[in-house]
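User: I would like a careful, close look at one part of this model, together with the parts that can be described alongside it. Please explain each term as you use it.

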Amino acid sequence: MDTREIVKKYNFKFSKSLGQNFLCDEETVDGIIKKAEVSKDDTVIEIGPGVGTMTEKLLNAAKFVYAVEIDKNLIQILSNEFNNYDNLKIIEGDALKIDFSKIAEGKKNVKVVANLPYYIATPIVMRLIKNKYGLKSITVMVQKELGERFEAKPCSKAYGEISVLMQYLCSVRIVKSVPSSMFIPKPKVDSVVVRLDLLEKPPVHVDDENMFEKVVKSAFAMRRKTLYNALSRGMGIEGTKLKEILKISEIDPKRRGETLTIEEFANLSDNIKKYF
């Protein structure tokens, strides 16, 4: 399928508010599907299929494809272009509201493969990995900077809240780089394809996942502040008690959140939980 030809055929007008940038390179599409390891045993959920450039490839590679699209104009195009396929269901809706567990129910090897709009990529991915929905893996194209944050390690500039939470729930790998020239219209930044394999068991144990997330968020809320200052404000813990908790956790109060490993965050979270 030629993306440009389909856009021209239907005189499609791109929506900036929906962050529409369509992939138009066949080799890149093939590479994404290969990295996602899509096979005839798989049910694939494609979020934001656009005019169907990757949809067509997925239909030939997978057992069944659910294409989730919010733009009514694109739904009409998809319906016209793929009316001969019996292994496709187009779902009109917002990926931040759809209950994906209903799609995945009773199915094996359910995978998400998607080219996500930059502006909404983080909340969509976090929603998918937190709720799991019976998914086996998630392979998504996102802004390069965001993808680097997903897999960043402690003491790096990109390391932050999303790095910790992502790596607590998933095995994260950047599997492909995609330059901006591969899209229409051409975005201002490059992209990467990230493969997320949901973990059956997190790499560390925490007594309370909500507390763990709150501690991580507080630690990174003020990156320039010491961990002591960030937690005293973010968690509302009295100074003397906080120093005691950090001492028990074997963490220097002068360190910053960006230096802590997931293991240290887990230990700190459990010790703070005892305080509350």
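Analyst: Lys107 touches Thr43, Tyr66 and Lys102, if residues up to four places away in sequence are not counted (contact means heavy atoms within 4.5 Å). This is a predicted model, in which local features need pLDDT of at least 70 and side-chain atom pairs count only at pLDDT 80 or more, while totals for chains, interfaces and linings use all residues. Residues are numbered from 1 along each chain as its sequence is written, and side-chain values use heavy atoms, with hydrogens and water left out.

The place of Lys107 is the loop between α5 (100-104) and β5, where helices (H or I, at least four residues) and strands (E, at least two) are DSSP runs numbered from the N terminus. With a relative accessible area of 29%, Lys107 is partly exposed; buried means under 20%, exposed over 50% and partly exposed in between, using a 1.4 Å probe and protein chains only. Although Lys107 and Leu135 are 28 residues apart along the chain, their C-alpha atoms are separated by 9.6 Å.

The strand β5 (110-115) also appears in the surroundings of helix α2 (residues 26-35), where it is among the elements covering the buried residues, together with β1 (22-23), α3 (53-61), β6 (135-143), β7 and β9. Those buried residues of α2 are Thr28, Val29, Gly31, Ile32 and Ile33. After α2 comes Glu37, which has a positive phi, near 55°.

Helix α8 (residues 161-169) is mostly covered, since 8 of its 9 residues are buried, and they are Ile162, Ser163, Val164, Leu165, Met166, Gln167, Tyr168 and Leu169. They pack against α6 (121-131), α7, β7 (170-178), β9 (191-198), α9 (209-221) and α12 (262-275).

One of these partners, helix α7 (residues 144-151), packs with α8 at an angle of about 60°, and the two axes are 6 Å apart. That angle makes α7 oblique to α8. On the α7 side the contact is made by Leu146, Arg149, Phe150 and Glu151, and on the α8 side by Ile162, Ser163, Met166 and Gln167.

Helix α9 is also the home of Glu213, which is buried at a relative accessible area of 16%. Apart from neighbours within four places in sequence, Glu213 is in contact with Lys130 and with Leu165, the latter being one of the buried residues of α8.

Aromatic rings offer another way to follow the structure, and a search of the whole structure finds 9 aromatic pairs (rings of Phe, Tyr and Trp, for Trp its six-membered ring, pair if their centres lie within 6.5 Å, and planes under 30 degrees apart count as stacked, over 60 as edge-to-face and the rest as tilted). In one of these pairs, the ring centres of Phe14 and Phe22 are 4.9 Å apart and the planes stand at 55°, so the pair is tilted. Phe14 is partly exposed, with a relative accessible area of 29%, whereas Phe22 is buried at 7%. Ring pairs join Phe12, Phe14 and Phe22 into a cluster.

Another pair is formed by Phe220 and Phe265, with ring centres 5.8 Å apart and planes at 40°, so that this pair is tilted. Because Phe220 lies in helix α9 and Phe265 in helix α12, the pair ties together parts that are 45 residues apart in sequence. Both Phe220 and Phe265 are buried, and their two helices are among the elements against which the buried residues of α8 pack.

Methods. Axes fitted to C-alpha atoms, helices over the stretch in contact; angles between N-to-C directions. Parallel < 35°, antiparallel > 145°, perpendicular 65-115°, else oblique.
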